[in-house]
Amino acid sequence: MLAMALFCCACAAYWLWRRMHRKTTEPPYLPWWCPILGHTPILLYCRDYWNVANKIANQIHDMGGAVTASIGPRTYYALTDPDDISTVANTCLHKDVVYEFGKPLLGEGLLTAKLSIWKNHRKLLNPAFNQSVLDTFMGVFNSQSRKLVRELEKEAGKGPFDHWIYTKLNALETIFLTALGVDSTDTDLNLTEYIEALETTLSAFFERVLKFWWYSPYTFAFSNLKRKQDASIKILHNVSNTGKTDIPNQLFNLMFYSISNLANIKFVTDLILELSAENGAFNDREIREQVDTIIFSGHDTSANVLMYTMLLLGSHPEAQEKAFSEIQEVLGDGDRDVEKTDLSKLVYLEAVLKESMRMFTIGPIIVRGLDRDVKLRNCTLSAGTPCFLFLFAVNKHPMWGPDVHEFKPERWLEPGRLPNNPNAFAAFSFGRRMCIGKTYALMSMKTTLAHVIRYYRITADLTKLRLKMDVMLKPDSGHYVSIEKRT
Ligand code: HEM
């Protein structure tokens, strides 16, 4: 009781101090603030976080695109303006301390790494995502797409089913093949267990972000949430160690190396191992952390985008038929593979994917730590205060026009219909710390969709879709489609 009273007093004192030392140039306070808890009640008394995030985004937009808010004693800025977001993303490369919560899973991998480590590792890993390297994955992208088409066959003509299960498993197998050179079907890996454990881990991570009393590792250590998280992370690490924890890491990694040399494909692990052998760039722990990061960020993302895109195409038959005609025009009537030169010709399909990512921003909010004062259009952010960047609000900014909430792939094909702002599309974030896998994702998703649409006509009902937010934007219900084989 005494501890609680002391905690409340400390919060109130901190808040008073913060307000007194607040600069007039800082963004205005978001309304709905309450003493001690700050804006936490908005989050606690609601189960529909996605709805709340949208309401907050609209409020921020009405207040000029930048606000100050607080979760318990922690003060944050929150931005929805595209140019302000781009300024922060380009100036401040630090991730906020909430990314520390992801470290039990990802360690100092690129996504969660502190800046001093990230700078060096990102520079070393960039070449693994060069176009010439990615081109060598086309064979895997094609064979994995064909596998998905075969697996979907049992659902054809049988009414609605959950296609997300299929896209997740397929994308996970693809990342094992392309990043590690491991064919998971040849091993005793349980990828379904991995997918379930990842869902649990991400929900636990998000719950911790919302509940400030678990920010401290000391309080979190006593929570059930921590026990649940630890159990699921153990499963994830077992899988990413490819179930061979008894084999010394280095030896097993060398196995990857030889497999990949034989196949003449350059895997991310090849590059990491080469660099480690040449100049000790990564130690064993760092190798594991980068591998965990690539597996995590390289499959759940693409699988979600594919899931939403199939829903959108199923609900917009005219767009689906346009995509189908383009695929036939580029690939012909037969059954040949998608070649790397075909990808640039599938312009409508790319427009479909971009429009899908604009409508459903799967990484809806990211958080940067400010290591310096940042001057924005109408205010100045103070160093030391973390900053929420509402990427989904950029993708739905009024600059996209009165049809901003409609699925219109055509807008990407007519330059006059796109916003006249280079920061209008935020799906992959901005600046030097933007997604390293953007080109990989577009290549693999385009190849997959080309195969799927060529074989199946999809139907779906987007009006049934209900969204929920954790670390990513995910469907809560209504993510079912039906497929029929095309004649
Ligand atoms: C459509 C698919 C994808 C989307 C929408 C997406 C989106 C994003 C976003 C928004 C970020 C910034 C996250 C933050 O700052 O907190 C990010 C970072 C990252 N993404 Fe992606 N991503 C996708 C696919 C991929 C793929 C396929 C890979 C790897 C093969 C990948 C690897 C990464 C990594 C390693 C980072 C951290 C980059 C850094 O901090 O240097 N992503 N991604």
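Helix α15 gives the largest share of the shell around the ligand, 5 residues. Bear in mind that this is a predicted model.

Looking at the whole shell, 28 residues sit around the ligand, and Y99, W118, R122, R433 and C435 come nearest. Sorted by character, the shell has 19 nonpolar residues, 6 polar and 3 charged.

Now for the polar side. Three side chains put an N or O atom within reach of a ligand oxygen, as tabulated here.

| Side chain | Partner | Distance |
|---|---|---|
| K95 | ligand oxygen atom | 3.2 Å |
| R122 | ligand oxygen atom | 2.7 Å |
| R433 | ligand oxygen atom | 3.0 Å |

As for which elements build the shell, those that give two or more residues are α6 (115-125), α15 (284-315) and α20 (438-455).

What does the protein offer the iron atom of the ligand as a donor? There is a single one, the SG atom of C435, at 2.3 Å. C435 also shows up among the residues that come nearest to the ligand, and its place in the chain is the loop between α19 (391-395) and α20.

That loop between α19 and α20 holds S429 as well. Here the backbone is worth a look: phi of S429 is near 70 degrees, a positive value in a residue other than glycine. Is S429 buried or exposed? With a relative accessible area of 11%, S429 counts as buried, because the cut-off for that label is under 20%.

How values were computed: Residues are numbered from 1 along each chain as its sequence is written. This is a predicted model: local features need pLDDT of at least 70, side-chain atom pairs count only at pLDDT 80 or more; totals for chains, interfaces and linings use all residues. Side-chain values use heavy atoms; hydrogens and water are left out. A residue is near a molecule or strand if one of its heavy atoms lies within 4 Å of it. A polar contact is a pair of N or O atoms within 3.5 Å; within protein, one must be able to donate a hydrogen and the other to accept it, and residues adjacent in sequence count only if both atoms are side-chain atoms. Helices (H or I, at least four residues) and strands (E, at least two) are DSSP runs, numbered from the N terminus. Ala, Val, Leu, Ile, Met, Phe, Trp, Tyr, Cys and Pro count as nonpolar, Asp, Glu, Lys and Arg as charged, and the others, Gly among them, as polar. Donors are N, O and S atoms within 2.8 Å of the metal (3.2 Å for Na, K and Ca); water is not among the atoms, so sites may look incomplete. Buried means under 20% relative accessible area, exposed over 50%, partly exposed in between (1.4 Å probe, protein chains only).
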